[in-house]
Amino acid sequence: MIKIKKLLSKKDKSKIVCLTAYSKNVASILDNHCDIILVGDSLGSVLYNFKSTRNVSLDMMIEHSKSVRMGVKKSLMIVDMPHNTYRNKSVALKNAKKIILKTKCDAVKLEGGGKVINIIEHLIKNKIQVQGHLGLLPQSQKGKFKVKGKKISEQLRILNDAKLLEKAGVFSIVLECIKTPLAKKITNELKILTIGIGASSYCDGQVLVTDDLIGLNQINARFVKKYSNITKHINSAIIKYKNEVKEKKFPQKKHSY
Ligand code: KIV
């Protein structure tokens, strides 16, 4: 709770930095730089080639999160509740408690607004910290991913959902792929933190999938900026290793017993 209070005090003062991690080694690098580390169910498509995050299981999230926990010392750690693990209040509470117990994360994230509000209220009443997720909802999205908030009716629904989530007690909402004016309006009208992905610089913070920004996962989406091409670096190290093995230059005496 202290970490969350501290994060909330950054609203309108400094931007919140959030990234995804699926393993200890990546998490321990991110931990020096991020406010929030999210174990996102995007791991389904990024690591397992699933067509949809709907195929990610609770056990997969828990195992990856246990690894991430070992690398996170100071950031707030949030774990996505996968599809079908919060279909009603009691199932959601049982699964959220399991995630927290097994992974020692600080909060869980659920996708949706009005449709899941009674579930989110129930978790918060039971002292579980919750981050919301509005706009493009990968767990419910069928077909091509589209920007949300183009139509007035959609804008009003998303704004209303954001207010419902705030009232229910979430400390933050991820806004995914929504139009800039809507992201700005939501951010201005809420006291809690908005974290954007494809949702403009007006959000209180930003999140990206780490594998996308370092160029490990090949994705061409407008909202992803590639800050590195780690695949190239891995390739050149592996080629050097391969050549040295073939040429009997590795291992040397100093690598042997
Ligand atoms: O699953 C995920 O990684 C996410 C972020 C992209 C927000 O939900």
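Trainee: How many nonpolar, polar and charged residues does the shell around the ligand have?

Mentor: Sort the shell by class before looking at single atoms. In this predicted model, the shell around the ligand has five nonpolar, four polar and three charged residues.

Trainee: Which residues are around the ligand?

Mentor: The list runs along the chain. It starts with Thr20, Leu38, Gly40, Asp41 and Ser42. Asp80, Lys109 and His133 follow. Val174, Ile197, Val207 and Val209 complete the set.

Trainee: Where does serine 42 place a polar side-chain atom relative to the ligand?

Mentor: Look for N or O pairs within 3.5 Å. Serine 42 has a polar side-chain atom 2.5 Å from a ligand oxygen. Two aspartates also qualify. The side chain of aspartate 41 has an N or O atom 3.1 Å from an oxygen atom of the ligand. For aspartate 80, the side-chain distance to a ligand oxygen is 3.1 Å.

Trainee: What share of the ligand's accessible area does the protein cover?

Mentor: Compare the ligand on its own with the ligand in place. Alone, the ligand has 260 Å² of accessible area, and the protein covers 95% of that.

Trainee: What volume does the second largest pocket have?

Mentor: About 580 Å³. Its lining counts 24 residues, and the closest to the pocket centre are Glu111, Gly112, Lys115, Leu137 and Ser140.

Trainee: Which element gives the most to that lining?

Mentor: Map lining residues onto helices and strands. Helix α7 gives the most, with four residues. Both β5 (130–135) and α7 (152–168) supply at least two.

Trainee: What is the make-up of the second largest pocket's lining by class?

Mentor: Apply the class sort again. This lining has six nonpolar, nine polar and nine charged residues.

Definitions and conventions
Residues are numbered from 1 along each chain as its sequence is written. This is a predicted model: local features need pLDDT of at least 70, side-chain atom pairs count only at pLDDT 80 or more; totals for chains, interfaces and linings use all residues. Side-chain values use heavy atoms; hydrogens and water are left out. A residue is near a molecule or strand if one of its heavy atoms lies within 4 Å of it. A polar contact is a pair of N or O atoms within 3.5 Å; within protein, one must be able to donate a hydrogen and the other to accept it, and residues adjacent in sequence count only if both atoms are side-chain atoms. Accessible areas come from the Shrake-Rupley method with a 1.4 Å probe; for residues, only the protein chains shown count as cover. Ala, Val, Leu, Ile, Met, Phe, Trp, Tyr, Cys and Pro count as nonpolar, Asp, Glu, Lys and Arg as charged, and the others, Gly among them, as polar. On a 1 Å grid over the protein atoms alone, a cavity is a set of points where a 1.4 Å probe fits but cannot get out, and a pocket is an open set with protein on both sides within 12 Å along at least five of seven lines; lining residues have an atom within 4 Å of a point. Grid points are joined across faces, edges and corners, and a volume is the space filled by probe spheres set on the points.
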